[in-house]
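Subject: Structure for you to look at

Hello,

Here is the structure I said I would pass on. Please open it first and keep it beside you while you read the notes that follow.

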Amino acid sequence: MVVQAYILIQTDVGKAAEVAKAIAKIKGVTLAEDVTGPYDVIVRAEARNVDELGKLVVSKVQNLDGITRTLTCPVVHI
């Protein structure tokens, strides 16, 4: 079963659109949009398991310039 999550991202001022565009190109990201509110970018991502999801966030998303904080929210399937 595929693990899905929303990744809520805070960016440096004025960087949201640039960050969303860069994240959208990452394998495993299904949606990346810049938004208003307490977070600047919301990402929908999927991976084969929780471990791979963690690697995607830590090694690919958090390494992008302009990101100051992330919060990963796994989707619960009931």
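Arg48 is exposed, because its relative accessibility is 62% and the cut-off for exposed is over 50%. Arg48 forms a salt bridge with Glu52, and the closest N and O atoms of the two are 2.5 Å apart. Glu52 has a relative accessible area of 27%, so Glu52 counts as partly exposed. Please bear in mind that this is a predicted model, and that goes for everything below.

How many salt bridges does a search of the whole structure find? The search finds three. Besides the one between Glu52 and Arg48, there is a salt bridge between Lys55 and Asp51, with 3.4 Å between the closest N and O atoms. Both Lys55 and Asp51 sit in helix α2, and they are four residues apart, which is about one turn of the helix. Glu18 and Lys15 also form a salt bridge, where the closest N and O atoms are 3.9 Å apart. Glu18 is partly exposed, at 46% relative accessibility, and Lys15 is partly exposed too, with a relative accessible area of 31%.

Next, the largest pocket. The space in it is about 200 Å³. Two elements, β3 and α2, give two or more residues to its lining. Which element gives the most to the lining? That is α2, with five residues. Arg48, Glu52 and Lys55 are among the lining residues, so you can find the pocket by starting from the salt bridges described above. Others in the lining include Gly28, Glu46, Leu56 and Ser59.Gly28 is found in the loop between α1 and β2. At 21% relative accessibility, Gly28 counts as partly exposed, because buried means under 20%. Leaving aside neighbours within four places in sequence, Gly28 is in contact with Arg44, Ala45, Glu46 and Leu56. Glu46 and Leu56 belong to the pocket lining as well. The C-alpha atoms of Gly28 and Asp65 are separated by 19 Å, and these two residues are 37 apart along the chain.

Ser59, from the pocket lining, leads to another residue. A polar atom of the Asn63 side chain lies 2.7 Å from the backbone oxygen of Ser59. Asn63 is in the loop between α2 and β4, the latter being residues 67–74. Is Asn63 buried or exposed? Asn63 is exposed, with 56% relative accessibility. Between the C-alpha atoms of Asn63 and Leu8, 55 residues apart along the chain, the separation is 15 Å.

Now the inside of the protein. In soluble globular proteins, nonpolar side chains tend to be buried together. The largest nonpolar core here has 20 residues, and Ile7, Ile9, Ile23, Val43 and Val61 are those with the most contacts inside it. At least two residues of this core come from each of β1, α1 (16–24), β2 (29–34), β3 (41–47) and α2 (50–61). Val61 touches Ile7, Ile9 and Ile23, among others, when residues up to four places away in sequence are not counted. The rest of the residues that Val61 touches include Ile26, Leu56 and Ile67.

Three more residues are worth a look, and their relative accessibilities put them in one class.

- Gln4 is in strand β1, residues 3–11. Gln4 counts as buried because its relative accessibility is 18%. The side chain of Gln4 makes a polar contact with the side chain of Arg44, at 2.8 Å. Apart from neighbours within four places in sequence, the contacts of Gln4 also include Ala45, Pro74 and His77.

- Thr11 lies in strand β1. With a relative accessible area of 10%, Thr11 is buried. Leaving aside neighbours within four places in sequence, Thr11 is in contact with Ala16, Val19, Asp40, Val41, Gly66, Ile67 and Thr68.

- Ala16 is found in helix α1. Ala16 is buried, since its relative accessible area is 16%. Ala16 is in contact with Thr11, Asp34, Asp40 and Val41, again without neighbours within four places in sequence. The C-alpha atoms of Ala16 and Gly66 are 8.0 Å apart, although 50 residues separate them along the chain.

Asp40 and Val41 appear among the contacts of Thr11 and among those of Ala16, so you can display these residues together.

Regards

Note on methods: Residues are numbered from 1 along each chain as its sequence is written. This is a predicted model: local features need pLDDT of at least 70, side-chain atom pairs count only at pLDDT 80 or more; totals for chains, interfaces and linings use all residues. Side-chain values use heavy atoms; hydrogens and water are left out. Buried means under 20% relative accessible area, exposed over 50%, partly exposed in between (1.4 Å probe, protein chains only). A polar contact is a pair of N or O atoms within 3.5 Å; within protein, one must be able to donate a hydrogen and the other to accept it, and residues adjacent in sequence count only if both atoms are side-chain atoms. Contact means heavy atoms within 4.5 Å. A nonpolar core is a set of buried Ala, Val, Leu, Ile, Met, Phe, Trp, Tyr and Cys residues joined through side-chain atoms within 4.5 Å. A salt bridge is a side-chain nitrogen of Lys or Arg within 4 Å of a carboxyl oxygen of Asp or Glu. On a 1 Å grid over the protein atoms alone, a cavity is a set of points where a 1.4 Å probe fits but cannot get out, and a pocket is an open set with protein on both sides within 12 Å along at least five of seven lines; lining residues have an atom within 4 Å of a point. Grid points are joined across faces, edges and corners, and a volume is the space filled by probe spheres set on the points.
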